[in-house]
Amino acid sequence: MESTTVSLSPPVCRLSGRLTFKDNDAFTRLITDLIAAAGPEVALDLSDLDFIDSFGIGLFLTAAEQFEGAGKLLTLKNPRGPVKRLFKLAQLDSVLRIRDDSESAAATMAVSVETQQRDGLCVTPPTTSGDGHFSVSLSGRFTFADQGRFQDVLTLAESENCQSLTLDMSELAFMDSAGLSMILVAHEVMTKRKARLVLQSPKAKVAHLLSVAAVDDILPVVQAPDA
Amino acid sequence: MTHLVGFTEENWHATRLRSQADALGLRLEPCLECMPDLSVPNVLIGAPSLAKLKASLNKPSHGFIEWNDHDGADLSRACVECATAGGQCLSLNTKMAYEWDATNLFASALEARFPHLGDIMGDIELALAEAVANAVVHGNLGIESTLRNDVKGFVLFQAALLERLDNPVLCRRRIEITAEPFDSACVRIEVQDFGDGYDLAALPKEAVTALAKSGRGLGLIRQLTATMGVSDSGRRLTMTFNADKAPKFARQ
């Protein structure tokens, strides 16, 4: 990975080449320097970045946390090719601030990543009654392969606006321990900020997983009011 | 008993396949359509497609064995032996096992093939899901489960999963699933991966807490099976189920 400062005000730094575990030290130094620089907002231009691995994504996530800790904002601009694809597939746009200077490119991307999707978990967009209570319905099969589709629920669970979240499981046909793990992470995130996660109307297979794994003692499980 | 036939379409002239089939006592026959409508015990051998999988997991076929001349992987001995003994088998690369939900395909076919397992199919399906997930994620793709302990960990886990599914070496590694009935009410299910294996003794001995966000898989399998064992340096998981025992996990 190489970095070039392309603008000082606002600070914009362009990354090029490949960002992998080998770049840990160089990237960490760069982030430290950028946080020390003037201005509340810093952008990393990724248009010349050819490749990123999962370690590189971890570096971006850590950097975003460091910026947040310093009261500043980090924007990642113009990811391209394999970098953009990995960002999209890993749904990083829900946890990182990612901007694209060309909007048409974003539209093309949305079409291309949806090919080759497997059947599995379906998650409805959240509905809210306006008092901090949100509901989301899960359907299909929730296994280790569906974690990306649950990302939006985790983002909602982290949101300060969400005081309670009901997961309607009445249409969920199957869940394995990886699906359960995702729900427990959401539960933990919400418990930490004194918010509440409720599981509603799990059907036979899902209800029994909750029972076998002894989580029905920990998580509130309710039936739908009109069930 | 009737001899098991291996039907193959695109690999009919592959000498490497012929010699491997001979060594396993499997008779190869050409298959001109997706699946022959012949009432002889058979397996389908070749490049995978969803249609082939669905057809070959149903009677009279005993399953699907992926075989490609170019990738160097051998014809699965475990699958051929299981099919010969009247069981059901599936050998499939990691990427397809992930995209096509191998657990769901295999469990649905198993219930139709062995209706007497109906009462314990819930136990079987969940244990199989855990075993296949372990084989894909920790076995063939070599990803640690400890990543999945918080929101950031899940993002990293997902990124690692997608990245390694694109790795041409890792994604072609096979997952093999075999299910063979024994006694009158029992079935033995094995899940084999081709990763680096692991040391079972190095795993934590204590049971996970109810709030644990990783490390549940093997514990659940232990709860759901009559017996469970690990061999081949952690790459093969053998589970047995007994339909005469009360199911721990209800059917839908």
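**A walk through a two-chain model**

In chain B, strand 4 has 6 of its 6 residues buried, so the rest of the structure largely encloses that strand. That is my starting point today. Before I go on, a caution: this is a predicted model.

Stay with strand 4 of chain B. What does it pair with? Strand 3, residues 42–46, runs parallel to strand 4, and 4 bridges join the two. Look across that pairing and you find B:Ile45 standing opposite B:Ile65 of strand 4.

Now step off the end of the strand. Strand 4 covers 61–66, helix 3 covers 77–84, and B:Ser76 sits in the loop between them. Is B:Ser76 buried or exposed? Its relative accessibility is 3%, and buried means under 20%, so B:Ser76 counts as buried. Who are its partners? Leaving out residues up to four places away in sequence, B:Ser76 touches B:Leu24, B:Ile65, B:Ser91 and B:Glu176. B:Ile65 is the residue we just saw opposite B:Ile45. With B:Glu176 there is a polar contact too: the side chains of B:Ser76 and B:Glu176 are joined at 3.1 Å.

The same loop holds another residue to note. B:Asp74 also lies between strand 4 and helix 3 of chain B. B:Asp74 is exposed, at 54% relative accessible area. Its side chain meets that of B:Arg16 in a salt bridge, 3.8 Å from N to O. This pair links distant parts of the chain: B:Arg16 is in helix 1, residues 15–23, and the two are 58 residues apart. B:Arg16 is partly exposed, at 23%.

Why do such pairs form? Side chains of opposite charge can pair when their charged atoms come close.

Chain B has other salt bridges. B:Asp166 and B:Lys95 meet in one, at 3.2 Å from N to O. Again the link is between distant parts: B:Asp166 is in the loop between helix 7 (151–165) and strand 6 (174–182), B:Lys95 is in helix 4 (residues 94–99), and 71 residues separate them. B:Asp166 counts as partly exposed, at 38% relative accessibility. Then there is B:Asp232 with B:Arg235, where the closest N and O atoms are 3.5 Å apart. B:Asp232 is partly exposed as well, at 32%. Some salt bridges share partners: A:Arg141, A:Lys205, B:Asp101 and B:Glu125 are joined into one network. Over all chains, a search of the whole structure finds 15 salt bridges.

That network names residues of both chains, which takes us to the interface. How much area is buried between chain A and chain B? About 3,900 Å², with carbon and sulfur atoms giving 63% of it. In chain A, the residues that lose the most area to chain B are A:Phe144, A:Lys205 and A:Val212, together 17% of what that side buries. The contact takes 47 residues from chain A and 42 residues from chain B.

Count the polar links next. Between the chains there are 3 salt bridges. One of them joins A:Lys205 to B:Glu125, at 2.5 Å from N to O. There are also 7 residue pairs in polar contact. Which element of chain A gives the most to the side that touches chain B? Helix 6, with 10 residues. By type, the residues on that side divide into 26 nonpolar, 11 polar and 10 charged.

A:Val95 shows this contact on a single residue. It lies in the loop between helix 3 and strand 5 of chain A. A:Val95 counts as partly exposed, at 30%. Beyond its neighbours within four places in sequence, A:Val95 is in contact with A:Leu61, A:Gln151 and B:Val155. A:Gln151 is 56 residues along the chain from A:Val95, yet their C-alpha atoms are separated by 9.1 Å.

Last, chain A as a whole. It has 7 helices and 11 strands. Of its 227 residues, 48% count as buried. In chain A, 5 strands form an open sheet with mixed pairing, in the order 1-2-3-4-5. Its edges are strand 1 (2–8) and strand 5 (98–99), each pairing on one side only. Inside the sheet, strand 2 (residues 11–19) and strand 3 (residues 41–52) pair in the parallel sense over 7 bridges. There, A:Arg14 stands opposite A:Asp45 of strand 3.

That's my tour.

Key. Residues numbered from 1 in each chain as written. Chains lettered and ligands numbered in written order. Predicted model: local features only at pLDDT ≥ 70, side-chain atom pairs only at ≥ 80, totals over all residues. Heavy atoms only, no water. Helix = DSSP H or I, 4+ residues; strand = E, 2+ residues; numbered from the N terminus. Buried < 20%, exposed > 50% of the residue type's maximum accessible area, 1.4 Å probe, protein only. Polar contact = N/O pair within 3.5 Å; in protein donor to acceptor, adjacent residues only side chain to side chain. Contact = heavy atoms within 4.5 Å. Buried area = accessible area lost by both parts, 1.4 Å probe. Salt bridge = Lys/Arg side-chain N within 4 Å of Asp/Glu carboxyl O. Nonpolar A, V, L, I, M, F, W, Y, C, P; charged D, E, K, R; others polar. Pairing = 2+ DSSP bridges.
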